[in-house]
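User: I would like to go through the labels attached to this structure and hear, for each, what value stands behind it. Please set each value against its cut-off before concluding.

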Amino acid sequence: MTGLPRGKVRGARIAALGVYVPERVLTNDELSQFLDTSDEWISTRTGIRERHIARIDQATSDLAVEAAKQALERAAVDAGELDLVIVTTITPDMVFPATASIVAHRLGATRAGAFDLEAGCTGFVYGLAVATGFVAAGIYRNVLVIGSEVLSRSLDWEDRTTSVLFGDGAGAVLVSPTENGSIFSFDLGNDGSGAEYLGMPAGGSRLPASHHTVRDRQHYMKMTGSEVYKFAIRAVADSCEKVLSDAGLTPQDVNLFVPHQANMRIIEAAAKRLGFKPEQVFANLERYGNTSCASIPICLEEAWASGRLQKGDLLLMTGFGAGLTWGSCLTRWDL
Ligand code: UT7
């Protein structure tokens, strides 16, 4: 027994952050030119106005490499010093090998292990928990966690119930040891009974690629939005309450709450249930849509650059998504 509250570890910090977002912006008005939708519907139901779309020659590893390079440059850490590269994504370059293997090679991380972590849109929080475990246990010193997505390739552009919601992007954090110890409390959760509500049905061992799966458009993302919506509000609020109470803290102690960016109505409902004031909550999905595993680090970059997130602030991050999974992380911002 260490005497530490459950879920709370010491000795790891976010030592650097990097982000990459493709240049091309796709607006709601452009979508309404080829889909039966409108800027009015998308913006009032979700808060999204535009999203970034990767170039045709860019895959998830390409975005990940750019975000990772920025994080390493800012930390003045050479790729050769990395111990582990974790890519969290629901849109890997291919089923295997792992996108992380490709990314680590491209970075020149010759000493590092590498693997992908798949936990739906909660991947970034799960990745951060794994990295923190390795660093806090003293196994590794430099672990890179990259959330990277090219969701535009897994969307059915004829399906207005999914294609208007998502965007492409990547964000990376370097997790390293610290003497004083940022607070790092985690809550990770899963309820596989909701697996059917969000996913890509074909292309795996259950339903391998065939003429039929292609004909039936089963290699695209499918979602029962209303079920995910109800789950998300409940999961975000419950997970935040749990991670805060494990750390002996309350919502009033939080300087900035950065939730996964899926729908402004989900963010507002969860924030209201938790009693957060608007100035405690960060959202930027208006300009990016839902970038899945990349949404939280993209928010961190903007919050940090604009001064809304400052050194010493208590930061609460919460993700949710396919699985169904959820997860929260509480940390003291150290950059
Ligand atoms: O990262 C985690 C993954 N995803 C999420 O967190 C998404 C969670 N769910 C949601 O954000 C919301 O459920 C949606 C934004 C997906 C949908 O919003 P909603 O308020 O739950 O709408 P709905 O699905 O109940 O659809 C209402 C109506 C339907 O028409 P009818 O049946 O009432 O005539 C839809 O066909 O809106 C229609 N609709 C659209 N209309 C215009 C659905 N998509 C569109 C669209 N444009 N893009």
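Analyst: What follows is a set of questions about a predicted model, each answered from a value and the cut-off it is held against.

User: Why is Val150 called buried?

Analyst: Val150 has a relative accessibility of 3%, and buried means under 20%, so Val150 counts as buried. Val150 sits in the loop between strand S7 (143-149) and helix H6 (160-163).

User: Which residues does Val150 touch, leaving aside those up to four places away in sequence?

Analyst: They are Ala54, Gln58, Ala59, Thr60, Leu63, Thr91 and Asp168, where touching requires heavy atoms within 4.5 Å. As for Arg74, its C-alpha is 24 Å from that of Val150 in space, and the two residues are 76 apart in sequence.

User: How do you know that Arg51 has no salt bridge?

Analyst: A salt bridge needs a side-chain nitrogen of Lys or Arg within 4 Å of a carboxyl oxygen of Asp or Glu. For Arg51, which is buried, the nearest side chain of opposite charge is that of Glu50, 7.2 Å away, and so the definition is not met.

User: What does the side chain of Arg51 reach, and where in the fold is Arg51 placed?

Analyst: The side chain of Arg51 comes to 2.7 Å from the backbone oxygen of Val164, and the cut-off for a polar contact is 3.5 Å. Arg51 itself belongs to strand S4 (residues 50-52).

User: What makes the phi values of Ala76 and Ser292 worth noting?

Analyst: Most residues other than glycine have a negative phi. Ala76, which is not a glycine, has a positive phi of about 55 degrees, and Ser292, also a residue other than glycine, has a positive phi near 50 degrees.

User: Where are these two residues placed, and is each of them buried or exposed?

Analyst: Ala76 is in the loop between helix H3 (60-75) and S5; its relative accessibility is 67% and exposed means over 50%, so Ala76 counts as exposed. Ser292 is in the loop between helix H10 (285-288) and helix H11 (295-305); its relative accessible area is 1%, under the 20% limit, and therefore Ser292 is buried.

User: How do you know which peptide bonds to call cis in the cases of Phe96 to Pro97 and Gly323 to Leu324?

Analyst: Most peptide bonds are trans. The bond joining Phe96 and Pro97 is cis, with omega about 5 degrees, and the bond from Gly323 to Leu324 is cis with omega near 0 degrees. Pro97 lies in the loop between strand S5 (84-88) and helix H4 (99-107), while Leu324 lies in the loop between strand S13 (314-321) and strand S14 (325-332).

User: What makes the approaches of Thr37, Arg45 and Asn290 to the ligand polar contacts?

Analyst: The limit for a pair of N or O atoms is 3.5 Å. A side-chain N or O atom of Thr37 is 2.6 Å from a nitrogen atom of the ligand, that of Arg45 is 2.8 Å from a ligand oxygen, and a polar side-chain atom of Asn290 is 2.8 Å from an oxygen atom of the ligand, so each pair falls within the limit.

User: How much of the ligand does the protein bury, and which element gives the most to the shell around the ligand?

Analyst: The ligand taken alone exposes 960 Å², of which the protein buries 72%. Helix H8 (225-246) is one of the elements giving two or more residues to the shell, and H8 gives the most, with four residues.

How values were computed
Residues numbered from 1 in each chain as written. Predicted model: local features only at pLDDT ≥ 70, side-chain atom pairs only at ≥ 80, totals over all residues. Heavy atoms only, no water. Buried < 20%, exposed > 50% of the residue type's maximum accessible area, 1.4 Å probe, protein only. Lys, Arg positive; Asp, Glu negative; His and termini not counted. Polar contact = N/O pair within 3.5 Å; in protein donor to acceptor, adjacent residues only side chain to side chain. Areas by Shrake-Rupley, 256 points an atom, 1.4 Å probe, with all protein chains shown as cover.
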